[in-house]
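The following questions and answers go through a single chain, from its overall fold to individual side-chain pairs.

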Amino acid sequence: MSTSMIITLAVIAVIILWTISIYNNLVHLRNNRESAFANIDVQLQQRHDLVPQLVSCVKGYAQHEKTLLENVTAARTAAMSATGINDKIQAENALTQALNGLRVAVEAYPDLKANQNFIQLQNEVSDIENKLAAVRRAFNSATKELNTACQSFPNVLFAGMFGFHAEPMFEVSPTERAAINKAPEISF
């Protein structure tokens, strides 16, 4: 075997190993991107599962508190406006019953405050949205790495042959973009 043939085989082996290395790197980057998107799915699923449950829980608790306080208020109003003895006895018994219900609820729940539940709901939603934003940033970072690798020399020579191409980032839709550019409306 001649020296030139050995050199030729060595160059071919280096090119093959180099091509394999480029391919493996592109596969690694594509898998990182897919994994990052799977993390977005996990956070979206958590948001879809958790938020309705939290809202329902807060609504139920707020309704319980609202009903309890409305019952006490209505019983008090009825007791104050009762005219006859029987009406007053009946109204005061209803007020006593409502106050007992309030007392039991306060003993069971010393912090009978729906606003705490709303604050907790707001914190949970904020936490989920922050986690979602973080995994979206990670996804975009993984996408940027893949796109850079696909578009950089010498990878660009092989990326197309291996079926790799620039992938889209996770961006807001045109409708969301219009909403982002508009000042928020705050109403109570």
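Buried means under 20% relative accessible area, exposed means over 50%, and partly exposed lies in between, with a 1.4 Å probe and protein chains only as cover. The model is predicted, and local features need pLDDT of at least 70, side-chain atom pairs count only at pLDDT 80 or more, while totals for chains, interfaces and linings use all residues. Residues are numbered from 1 along each chain as its sequence is written, and side-chain values use heavy atoms, with hydrogens and water left out.

Q: Is Arg33 buried or exposed?
A: Arg33 lies in helix H1, where helices (H or I, at least four residues) and strands (E, at least two) are DSSP runs numbered from the N terminus. Because its relative accessibility is 14%, Arg33 counts as buried.

Q: Which pattern does the chain follow along the sequence?
A: The secondary structure comes to five helices and zero strands. Read along the sequence, the chain therefore has a pattern made of helix symbols alone, given the DSSP runs that define the elements. That pattern is α-α-α-α-α.

Q: What share of contacts in the chain between residues at least 6 apart in sequence join residues at least 24 apart?
A: Contact means heavy atoms within 4.5 Å. Among contacts between residues at least 6 apart in sequence, the share that joins residues at least 24 apart is 77%.

Q: Which helix gives the most residues to the largest nonpolar core?
A: A nonpolar core is a set of buried Ala, Val, Leu, Ile, Met, Phe, Trp, Tyr and Cys residues joined through side-chain atoms within 4.5 Å. The largest one has 10 residues in all, including Ile22, Leu26, Leu146, Phe158 and Phe164. Helix H1 (3–81), helix H3 (114–151) and helix H4 (155–159) each supply at least two residues of this core. With four residues, the helix that gives the most is H1.

Q: Which residues is Leu26 in contact with, leaving aside its neighbours within four places in sequence?
A: Leu26 belongs to the largest nonpolar core, as do Leu146, Ala149, Cys150, Ala159 and Phe164. Leaving aside its neighbours within four places in sequence, Leu26 is in contact with Leu146, Ala149, Cys150, Asn155, Ala159 and Phe164.

Q: How many residues apart in sequence are the parts that the pair Arg33 and Glu167 ties together?
A: The side chains of Arg33 and Glu167 meet in a salt bridge at 3.9 Å, N to O, a salt bridge being a side-chain nitrogen of Lys or Arg within 4 Å of a carboxyl oxygen of Asp or Glu. Glu167 is partly exposed, with a relative accessible area of 25%. Because Arg33 lies in helix H1 and Glu167 in the loop between H4 and helix H5 (174–181), the pair ties together parts whose separation in sequence is 134 residues.

Q: What separates Asp127 and Lys131 in helix H3?
A: Asp127 forms a salt bridge with Lys131, the closest N and O atoms being 3.3 Å apart. Asp127 is partly exposed at 33% relative accessible area, and Lys131 is partly exposed at 35%. Because the two residues are four residues apart in helix H3, what separates Asp127 and Lys131 is about one helical turn.

Q: How far apart in space are Ser35 and Phe139, C-alpha to C-alpha?
A: Ser35 is in helix H1 and counts as partly exposed, at 40% relative accessibility. Ser35 and Phe139 are 104 residues apart in sequence, while their C-alpha to C-alpha distance in space is 8.2 Å.
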